[in-house]
Amino acid sequence: MPVVTRLFDHHTEALAAVSELEAAGFDHSTISIVSNNAEEWHDGHRHKDHAGSALGDRNGDGVNDVGEGAGKGAAAGGALGAGVGVLAGLGMLAIPGLGPVVAAGWLASTAVGAAVGAAAGGATGGLLGALKEAGHGDEDAHVYAEGVRRGGTLVSVRASDADRARIETILDNRRGLDAVTRGGVYRQTGWTEFDPQGEPYSPEQIRAERARYR
């Protein structure tokens with residue numbers, strides 16, 4: 001199944017896009033979100049669509065379900081945050097090269113599985129490996145992973161051919177960027193590819209990065 005991914009400079013735009021996708025009838029199991037959390041926007045946040053449920057604790061047991069799933073080695077292609085909407089399942093993960101991220105959905109599960117596989121000597125791990133496994137080409141995967149490293153948020157949707165154009169319209173109208181558009185900007189500064197061993201961006205670096213696109 002084709003995957004549509006867009007990069008958002010601000011997590012608020014990405015959250016709004018996810019809510020709009022669900023309101024348009026797209027099943028939450030097809031939607032995934034991965035967001036940089038260097039600025040700790042996740043801390044104490046409660047999403048208005050989910051009756052005050054703390055992010056990451058969708059069943060109310062006081063345990064971060066995303067972290068719990070990662071600890072158990074979530075299966076590639078699984079769904080973190082499934083059941084009551086993607087945003088209710090948001091929680092913290094650590095992904096190589098990115099530092100702390102807020103994530104939910106199938107791409108987050110795949111990233112965890114890819115990281116485990118890479119640690120065991122398998123293919124490229126973390127978010128980069130998950131994006132490639134989802135069907136993105138090498139260049140696009142590097143741009144999207146770098147975008148999260150620089151403070152961005154990814155929204156990825158598994159789409160049928162019939163729904164692809166409608167999904168792209170929703171994401172684009174919410175200021176989502178494709179890999180070609182943002183990758184061209186990165187390469188103007190000499191950037192070539194995402195380095196999973198690179199240092200995560202600090203909040204100050206992220207603010208400076210966003211200022212470039214205003």
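How much space lies in the largest pocket? In this predicted model, the largest pocket holds about 180 Å³ of space. The legends below treat the chain, its sheet, two pockets and two loop residues.

**Figure 1. Overall course of the chain in the predicted model.** The chain contains eight helices and five strands. Along the sequence, these elements follow the pattern β-α-β-α-β-β-α-α-α-β-α-α-α. Of the 214 residues in the chain, 49% are buried. Among contacts between residues at least 6 apart in sequence, those joining residues at least 24 apart account for 75%.

**Figure 2. The open sheet, built from five strands.** The strand order is 1-5-2-4-3, and the pairing is antiparallel. Strand 1 (3-8) and strand 3 (91-95) are the edge strands, each pairing on one side only. On average, and with direction ignored, neighbouring strands of this sheet are turned by 25 degrees against each other.

**Figure 3. Close-up of strand 1 and strand 5, which run antiparallel.** Strand 5 comprises residues 153-158 and is joined to strand 1 by six bridges. Within this pairing, Val 3 stands opposite Arg 158 of strand 5. Helix 6 (residues 164-173) lies across both strand 1 and strand 5. The direction of helix 6 is at about 5 degrees to strand 1.

**Figure 4. Close-up of the largest pocket, with about 180 Å³ of space.** The lining is formed by Asp 9, His 10, Glu 13, Arg 175, Leu 177, Arg 182, Arg 210, Tyr 213 and Arg 214. By class, six of these lining residues are charged, two are nonpolar and one is polar. One of the lining residues, Arg 175, belongs to the loop between helix 6 and helix 7; the backbone of Arg 175 is the topic of a later legend.

**Figure 5. Close-up of the second largest pocket, with about 150 Å³ of space.** The lining comprises 14 residues, of which Val 3, Arg 6, His 136, Tyr 144 and Arg 164 are the closest to the centre of the pocket. At least two lining residues each come from strand 1, helix 5 (138-149), helix 6 and helix 7 (179-188). Strand 1 supplies the largest share, four residues. The lining divides into six nonpolar, three polar and five charged residues. Val 3 thus appears both among the residues closest to the centre of this pocket and opposite Arg 158 in the strand pairing.

**Figure 6. Close-up of Glu 40, a residue with positive phi.** Glu 40 is not a glycine, yet its phi is about 55 degrees. The residue is located in the loop between strand 2 (31-36) and helix 2 (65-71). Is Glu 40 buried or exposed? Glu 40 counts as exposed because its relative accessibility is 54%, where the cut-off for exposed is over 50%.

**Figure 7. Close-up of Arg 175, a residue other than glycine with positive phi.** Phi of Arg 175 is near 75 degrees. Arg 175 is placed in the loop between helix 6 and helix 7. With a relative accessibility of 59%, Arg 175 counts as exposed. Arg 175 also contributes to the lining of the largest pocket, together with residues including Leu 177 and Arg 182.

How values were computed:
Residues numbered from 1 in each chain as written. Predicted model: local features only at pLDDT ≥ 70, side-chain atom pairs only at ≥ 80, totals over all residues. Heavy atoms only, no water. Pairing = 2+ DSSP bridges. Axes fitted to C-alpha atoms, helices over the stretch in contact; angles between N-to-C directions. Contact = heavy atoms within 4.5 Å. 1 Å grid on protein atoms, 1.4 Å probe; cavity = no way out; pocket = protein on both sides within 12 Å on 5 of 7 lines; lining within 4 Å. Points joined across faces, edges and corners; volume = space filled by probe spheres on them. Nonpolar A, V, L, I, M, F, W, Y, C, P; charged D, E, K, R; others polar. Buried < 20%, exposed > 50% of the residue type's maximum accessible area, 1.4 Å probe, protein only.
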